[in-house]
Amino acid sequence: MTDLYRMLPEEMEDLVLELGQPRFRADQILYALYYKFPKDLSEIKQLPLEFREKLTEKGFTIGSTKEAHRVESEDGETTKLLLNLNDETPVESVLMQYKSKKMFGHPRSTICVSTQVGCAMGCVFCATGQMGFERNMKAEEIVGQVIHFAKILLEKGQHVTNIVFMGMGEPLANYSETIRAIQLLTHPRGFGIGQRHITVSTIGIVSAIEKLADEKMQIGLAISLHAPNDKLRQRLVPTAGPDSVKELIKSGKNYFLTTGRRVTFEYALIEGVNDMPEIAEELALLLKDNGSHINLIPLNPTAGDFNRPARKNVIEFERILYNGGINCTVRVEKGTEISAACGQLRTDILEKYNNTIN
Ligand code: SF4
C-alpha cells in the first residue's frame, strides 16, 4: 500500500505516466489532495473511473491517519487531536491559534506535529520521553497531521499559517522522513506553505543539525538547550554528550551562517533545577554576542517530579538575560489544561479516552 500523500509532485508525474495517463492527471491528484482533502480515491471525481480503479488495484490509497479523539481548550484557541495511524498506533498533534491584531484578520494557526511514536531521548521532564521509543513516523503520517487540521480550519474559512515540528519525538532522529515531509508541505504543487513558516525543534543532534544546514532550506531551527553547562544538561537530557553545550552553540552559529536563519535556543524553566539567578547569569555569559534568541518555557505540568517556577522567578530570570544583552522571550502558554502544551504529549491518554473512542 502506498499513500498518495507520500509522493512528491515529480514522483506523482512519473506514476501517472507509468500508468499510461497524461501528465496533467498528476496535477488533478495534487490539487485534490491539498485543496479538497478527499477521504479516498472515489472522492477525486476528476479522475476517470478506470484510472481510479487502476490506482486502487496497484495498492495506492489516501490518508494514513484517522481522527480518534478531539479536545478543545476552553478559550477555543487550542485543539488537540488524537490520531490513529494505519497500524492503530495513536499519536497526538496540536493546533494553536493566536488572534490577529488586525480588525478582520485571520488568526495565526500553528500546527505542532509529531515525528515519532514516543521518543528515545528520555528527557527527564518530558511526558513523551517517559513513554520510551516505539517507532519512527513516515512522511505521509506527518503530513496527514497537517491535513487533518487544514480540513478543520477550512470549514471555518481559515488556513494553516505555521507548522512546528515540536510534537512527540525528535524530528532529526527521523531525518529522512522529516525532510520528505517538509518537502511535501513546502512544495508549491504540494501543500505549498513557505519554508519560513516551518520550524524544526531539536534536542540537539549535532551531526543532523549540520546536515540540515547543508540542505540550505529556509526553515527555522530551535535547539533545546535547557542548561548553560554540561553537568546540568546531562542531568536533564540523559542522551547529551559531555561537550554538548559548546557543540550546540557552534552548530547553531553554523546553521545561521549557512542559511541566514536565526536560531532560537529553547529553555524549559524548571523550579529549583535550572531557574536560579546564578544559572541565568551563566546562560547570559554563554550566549553573549552570539546573536541568537532564547525562548523561555516555564515547565508545563507533566507526570514527573518537576515543577513550574513561580511567575516572579520567571520574570527575574528573563530580566537577568535581558540585562546581559540577550534577546529573550517567555513563551505564551497554550493548551496546558488539555495537556497539549510543550512536553505534555503522550498517548497513554488513550486510557482516559477509551470510553469515547469507537
Ligand atoms: S523533550 Fe523532545 S527530545 Fe526530549 S524526550 Fe521529549 S520529545 Fe524527546
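# Notebook: helices, loops and a ligand shell

**Entry 1. Helix α10.** I began with helix α10, residues 277-287, where A280, L283, A284 and L287 are buried. I looked down the axis of α10: its buried residues fall within an arc of 100 degrees, so they line one face of the helix. I should say at once that I am working with a predicted model. The spacing makes sense to me from a general rule. An α-helix has 3.6 residues a turn, so residues three or four places apart point the same way.

Next I asked what the buried residues of α10 pack against. I found β13 (293-298) and α11 (311-323) there. Then I turned to the face of α10 that points away from the buried side. E278 and L285 sit on that face, and they are exposed. After α10 comes D289, and I noted its positive phi, near 60 degrees.

**Entry 2. K246, in helix α9.** I looked up K246 and found it in helix α9, residues 244-259. Is K246 buried or exposed? I counted 12 other C-beta atoms within 10 Å of K246, so K246 is exposed; the cut-off for exposed is 12 or fewer. I also checked the distance from K246 to L286 in α10. The two are 40 residues apart in sequence, and their C-alpha atoms are 9.0 Å apart in space.

**Entry 3. Domains.** I moved on to the whole chain. It is divided into domain 1 (2-61) and domain 2 (65-353). Their C-alpha centres lie 33 Å apart. How many residues does the contact take from each domain? I noted eight from domain 1 and 15 from domain 2. On the domain 1 side, the touching residues divide into six nonpolar, no polar and two charged.

**Entry 4. Helix α2.** Helix α2 covers residues 24-36, which makes 13 residues. From its first C-alpha to its last, α2 reaches 17 Å. That is close to the 18 Å expected at 1.5 Å a residue.

Which residues of α2 are buried? I listed R25, A26, I29, L30, L33 and Y34. Seen down the axis of α2, these buried residues fall within an arc of 150 degrees, so they line one face of the helix. I then looked for what covers them, and the cover includes α1 (9-18) and α3 (49-57). On the other side of α2, I found F24 and Y35 exposed.

**Entry 5. R23, before α2.** R23 is in the loop between α1 and α2. I counted 11 C-beta neighbours inside 10 Å, so R23 counts as exposed. R23 still has contacts further along the chain. Leaving aside neighbours within four places in sequence, R23 is in contact with E13, V16 and L17. I checked the E13 pair in more detail. R23 and E13 are ten residues apart along the chain, and their C-alpha atoms are separated by 5.9 Å.

**Entry 6. F37, after α2.** F37 comes just after α2, in the loop between α2 and α3. I noted a positive phi of about 50 degrees here, although F37 is not a glycine. I wrote this down for a reason. Most residues other than glycine have a negative phi. I also counted neighbours: F37 has 16 other C-beta atoms within 10 Å, so F37 is partly exposed.

**Entry 7. H226.** I found a positive phi at H226 too, about 65 degrees, although H226 is not a glycine. H226 is in the loop between β11 (220-224) and α8 (230-236). Is H226 buried or exposed? With 25 C-beta neighbours inside 10 Å, H226 counts as buried. The cut-off for buried is 20 or more.

**Entry 8. R52, in helix α3.** R52 is found in helix α3. I counted 18 other C-beta atoms within 10 Å, so R52 is partly exposed. I left aside its neighbours within four places in sequence and looked at what remains. R52 is in contact with L41, S42, I44 and L47. I also took a long-range pair. R52 and I198 are 146 residues apart in sequence and 33 Å apart in space, C-alpha to C-alpha.

**Entry 9. The ligand.** Last, I looked at the twelve residues around the ligand. Which of them come nearest? I noted C119, M121, C123, C126 and G129. I then sorted the shell by residue type. The shell divides into six nonpolar, five polar and one charged.

Technical notes. Residues are numbered from 1 along each chain as its sequence is written. This is a predicted model: local features need pLDDT of at least 70, side-chain atom pairs count only at pLDDT 80 or more; totals for chains, interfaces and linings use all residues. A residue is near a molecule or strand if its C-beta atom, placed from the backbone, lies within 6 Å of it. Ala, Val, Leu, Ile, Met, Phe, Trp, Tyr, Cys and Pro count as nonpolar, Asp, Glu, Lys and Arg as charged, and the others, Gly among them, as polar. Domain bounds come from an automatic or database domain assignment. Two residues are in contact if their C-beta atoms, placed from the backbone, lie within 7 Å. Helices (H or I, at least four residues) and strands (E, at least two) are DSSP runs, numbered from the N terminus. The expected span of a helix is 1.5 Å times one less than its number of residues. The arc is that of the directions from the helix axis to the C-beta atoms.
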